[in-house]
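Colleague: Could you walk me through the packing inside this one? I'd like a close look at what sits in the middle, and then whatever surrounds it.

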Amino acid sequence: MRVTLFVTCVVDLFEPDVGVATVRLLRASGASVSCPSGQTCCGQPAWNSGFHEDAARVARTTLDALDADGGDAVVVPAGSCATMVKVFWPELFELVGDHDAAQRARTLGARTHELTAFLADRPLPLRSLGQRVAYHHSCHMLRELHEHDQPEQLLDAAGCERVPWEADTRCCGFGGLFSFKLPEVSEAMADDKLSSLAAADPQPAIVVGADGSCLLHLRARSEHEGRPIVTRHIAEVIADALP
């Protein structure tokens, strides 16, 4: 199988090691990987802000790049961006009257996968890490893509001890531009989630998630409050378990 990697803005700008780990995992699963240079943003920030024409212009550039690459599958190491491609691109392009792009988006979306969902069905040669982790279920993966078990199964396969915590499925408060528009609410949501984490027993060594933006938000808020936590994208954790 040949996979087209949609690397995402957060990975590209803030967490490039996640991209490296993603490629390692995809290759270990038996896939060859390409990463078309023409891709940009999925358009989600503009879409969520109501700027449909701007969102479509950005998304169309990425659609063209991913579509032209011709991979058997498109893999995205972020639930939010995968959701934008699979769920909202067709709606976005129909809204601006670009019916051809909407149809191409539907076709591309059918072969687009969030990373853990793609890997869950493919064997990986993993060793046991023996790490104690708390997993954060991000909103788009859980509520739009309906993915709950896949990342947990990967962590189990890598020999991680998952620590249960009350707020593991609760929103972190980031919400893209929501955290800029309503910072007080965003911070309160993050603090609520972090308070629940502090009450977990035993305490996890790291907080793991499949959306870098959520982890960035939780990490920044914990540092601001003087209770720093260690966060890692699930791709980095699972890649550590490769031989």
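**The core and its surroundings**

Modeller: Sure, start in the biggest greasy patch: the largest nonpolar core has 56 residues, and the members touching the most others are Trp89, Phe93 and Leu155. Bear in mind that this is a predicted model. The top contributor to that core is helix H5 (residues 79-95), which puts in 8 residues. Clustering like this is a familiar theme, as nonpolar side chains tend to be buried together in soluble globular proteins.

Take Phe93 as your viewpoint. Leaving aside residues up to four places away in sequence, Phe93 touches Ala56, Ala59, Arg60 and Leu63, and also Asp98, Ala101, Ala102 and Ala105. Apart from the main core there is a second, separate one of 14 residues, and Ala167, Cys172, Leu194 and Leu215 are among them.

Now the sheet. You'll find an open sheet of 4 strands in the order E2-E1-E3-E4, with parallel pairing. Strands E2 (32-34) and E4 (112-114) are the edge strands with a single partner each, so each has one side without a neighbour in the sheet. On average, and ignoring direction, neighbouring strands are turned by 35 degrees against each other. In general, what holds strands together is pairing through backbone hydrogen bonds, either parallel or antiparallel.

Strand E3 (residues 73-76) is the one I'd zoom in on. E3 runs parallel to E4 and is joined to it by 3 bridges. Working along E3, Val75 has His113 of E4 as its bridge partner, while Val76 is partnered with Glu114 of E4. Packed on this sheet is helix H4 (residues 52-69), which touches strand E1 (2-5), E2 and E3, and whose direction makes about 165 degrees with that of E1. As for E1 itself, 3 bridges tie it to E3, again in parallel, with Leu5 standing opposite Val75 of E3.

Look at the side chains of E3, too. Ala73 and Val75 point one way and Val74 and Val76 the other, yet all of them are buried. That fits the usual picture, in which side chains of a regular strand alternate between the two faces of the sheet.

Charges next. The model holds 18 salt bridges, and some of them join up: Asp64, Asp67, Asp100, Arg104 and Arg111 form a linked network. More generally, oppositely charged side chains can pair when their charged atoms come close. Elsewhere, Asp156 pairs with Arg162, with the closest N and O atoms 2.9 Å apart. Asp156 counts as partly exposed at 41% relative accessibility, and so does Arg162 at 33%. Then there's Glu166 with Arg170, at 4.0 Å from N to O. Here Glu166 is exposed, at 67% relative accessibility, whereas Arg170 is partly exposed, with a relative accessible area of 32%.

Over by the later helices, the axes of H11 (residues 183-198) and H12 (residues 212-224) come within 10 Å and cross at roughly 85 degrees. The two helices are therefore roughly perpendicular to each other. On the H11 side the contact is made by Ser186, Glu187, Ala190, Asp191, Lys193 and Leu194, and on the H12 side by His217, Leu218, Arg221 and Ser222. Arg221 has a second role: its side chain meets that of Glu225 in a salt bridge, 3.3 Å from N to O. Arg221 counts as buried at 12% relative accessibility, while Glu225 is partly exposed at 33%.

Last, a few backbone oddities. As a rule, most residues other than glycine have a negative phi, and most peptide bonds are trans. Against that, Asp201 and Pro202 are joined by a cis peptide bond, with omega about 5 degrees. Pro202 sits in the loop between H11 and strand E7 (206-209). Thr8, though not a glycine, has a positive phi of about 75 degrees. You'll find Thr8 in the loop between E1 and helix H1 (9-13), and it is buried, with a relative accessible area of 3%. His146 has a positive phi as well, about 60 degrees, and lies in the loop between helix H8 (139-144) and helix H9 (149-157). Unlike buried Thr8, His146 is exposed, with a relative accessible area of 62%.

Notes:
Residues numbered from 1 in each chain as written. Predicted model: local features only at pLDDT ≥ 70, side-chain atom pairs only at ≥ 80, totals over all residues. Heavy atoms only, no water. Pairing = 2+ DSSP bridges. Axes fitted to C-alpha atoms, helices over the stretch in contact; angles between N-to-C directions. Contact = heavy atoms within 4.5 Å. Buried < 20%, exposed > 50% of the residue type's maximum accessible area, 1.4 Å probe, protein only. Core = buried A, V, L, I, M, F, W, Y, C linked by side-chain atoms within 4.5 Å. Parallel < 35°, antiparallel > 145°, perpendicular 65-115°, else oblique.
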